[in-house]
Amino acid sequence: MTSFDTTLTVINTASIQTYIFASNQLRENIGASHLAHLATTHWVEDALNELLSAPNRHNYQVQAAEKDRQRQTPLYTNTAIEALQKDGQLCAEVIYSGGGNALILFAGANHDKKAQEFVYQLSRRVLLEAPGLQIYAGHHAYLWQDADQSLHHLITTINQQVIQKQQSQAPTYLPQLSLGVNATCTSTGLPAHGPHPDPAPQG
């Protein structure tokens with residue numbers, strides 16, 4: 001098998017328990033748990049679809065598998081990175097995704113830059129739809145089918161780097177400062193906001 005360049009991307013979610021149990025409301029705990037699940041499953045698939053401009057450029061189909069109650073649809077297709085990269089177009093193989101972690105191989109045109117763009121898209125959605133949830137990412141070049149380079153060892157190395165990055169940063173789940181006159185959300189500690197009931201200009 002011919003070797004080719006790839007980029008291995010590791011996604012790690014930090015402080016999941018803190019995020020889930022930040023509220024004393026059970027239904028909000030369940031909602032936070034669901035958002036943490038989406039961050040490394042559905043949103044990973046959505047980001048890949050957007051990045052690759054086609055769902056057949058990767059092997060991950062978690063949403064179709066979850067909708068199929070009889071599980072006839074596999075979570076990971078049999079299409080490996082070797083087959084996907086033959087035409088030189090950008091492609092990706094999800095090695096693992098779920099439980100707050102994800103491992104993804106990117107190959108093809110500008111795979112290193114596209115791996116960073118994928119993390120940008122995923123983290124942007126997390127910031128917008130799951131504020132307070134912390135995700136960390138690491139990238140490393142990998143020569144596919146290189147007998148002198150162990151993929152398992154590389155994954156371990158990147159995971160250690162990501163953990164060190166987490167430990168070196170101050171926690172970001174604390175509420176941000178806000179204006180003097182406002183209402184604070186009882187669940188997140190963030191300023192509450194919403195549209196005024198009267199659309200007419202005041203004053």
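Is F118 buried or exposed at its relative accessibility? Select F118 and have a look: with 0% relative accessibility, this residue counts as buried. Keep in mind along the way that you are touring a predicted model.

**Stop 1: the aromatic pair**

Leave F118 on screen and add F106, which is also buried, at a relative accessible area of 0%. Draw the two ring centres and you should find them 5.5 Å apart; the planes meet at 50°, so this pair is classed as tilted. Colour by secondary structure next: F106 sits in strand β3 and F118 in helix α6, so the pair links distant parts of the chain, 12 residues apart. The model has 2 aromatic pairs by the rule used here.

**Stop 2: the sheet**

Now show the strands. Four of them form an open sheet in the order β2-β3-β1-β4, and the pairing is antiparallel. At the edges you will find β2 and β4 (134-143), each with a partner on one side only. Going from one strand to the next, the twist averages 15°.

Zoom in on β1 and β4, which are joined in the antiparallel sense over 10 bridges. To see one spot along this pairing, select A14 and look across to Q134 in β4, which stands opposite.

**Stop 3: helices over the sheet**

Bring back helix α6. This helix lies across β1, β3 and β4, and runs at about 20° to β1. Then pick residues 151-168, helix α7: here the helix lies across β1, β2, β3 and β4, at about 145° to β4.

**Stop 4: T6 in β1**

Select T6, which belongs to strand β1 (residues 5-14). Its relative accessibility is 1%, so T6 counts as buried, the cut-off being under 20%. What does the side chain of T6 have 2.8 Å from one of its polar atoms? Show the backbone of Y142: its oxygen is the atom at that distance. Expand the selection to see what else T6 touches beyond four places in sequence: among them are L105, F106, H111, H140 and W144. You have met F106 already, as a member of the tilted pair.

**Stop 5: helix α3**

Finish with residues 42-52, helix α3. Of its 11 residues, 8 are buried, so the helix is largely enclosed by the rest of the structure. Highlight the buried ones: H42, W43, V44, E45, A47, L48, L51 and L52. Then turn on their cover, which includes α2 (26-39), α4 (62-67), β2 (91-98), β3 (101-107) and α6 (111-129). Just after the helix, click on S53, where phi is positive, near 65°.

Technical notes. Residues are numbered from 1 along each chain as its sequence is written. This is a predicted model: local features need pLDDT of at least 70, side-chain atom pairs count only at pLDDT 80 or more; totals for chains, interfaces and linings use all residues. Side-chain values use heavy atoms; hydrogens and water are left out. Helices (H or I, at least four residues) and strands (E, at least two) are DSSP runs, numbered from the N terminus. Buried means under 20% relative accessible area, exposed over 50%, partly exposed in between (1.4 Å probe, protein chains only). A polar contact is a pair of N or O atoms within 3.5 Å; within protein, one must be able to donate a hydrogen and the other to accept it, and residues adjacent in sequence count only if both atoms are side-chain atoms. Contact means heavy atoms within 4.5 Å. Two strands pair if DSSP finds at least two bridges between them. Axes are lines fitted to C-alpha atoms, for helices over the stretch in contact, and angles run from 0 to 180 degrees between N-to-C directions. Rings of Phe, Tyr and Trp (its six-membered ring) pair if their centres lie within 6.5 Å; planes under 30 degrees apart count as stacked, over 60 as edge-to-face and the rest as tilted.
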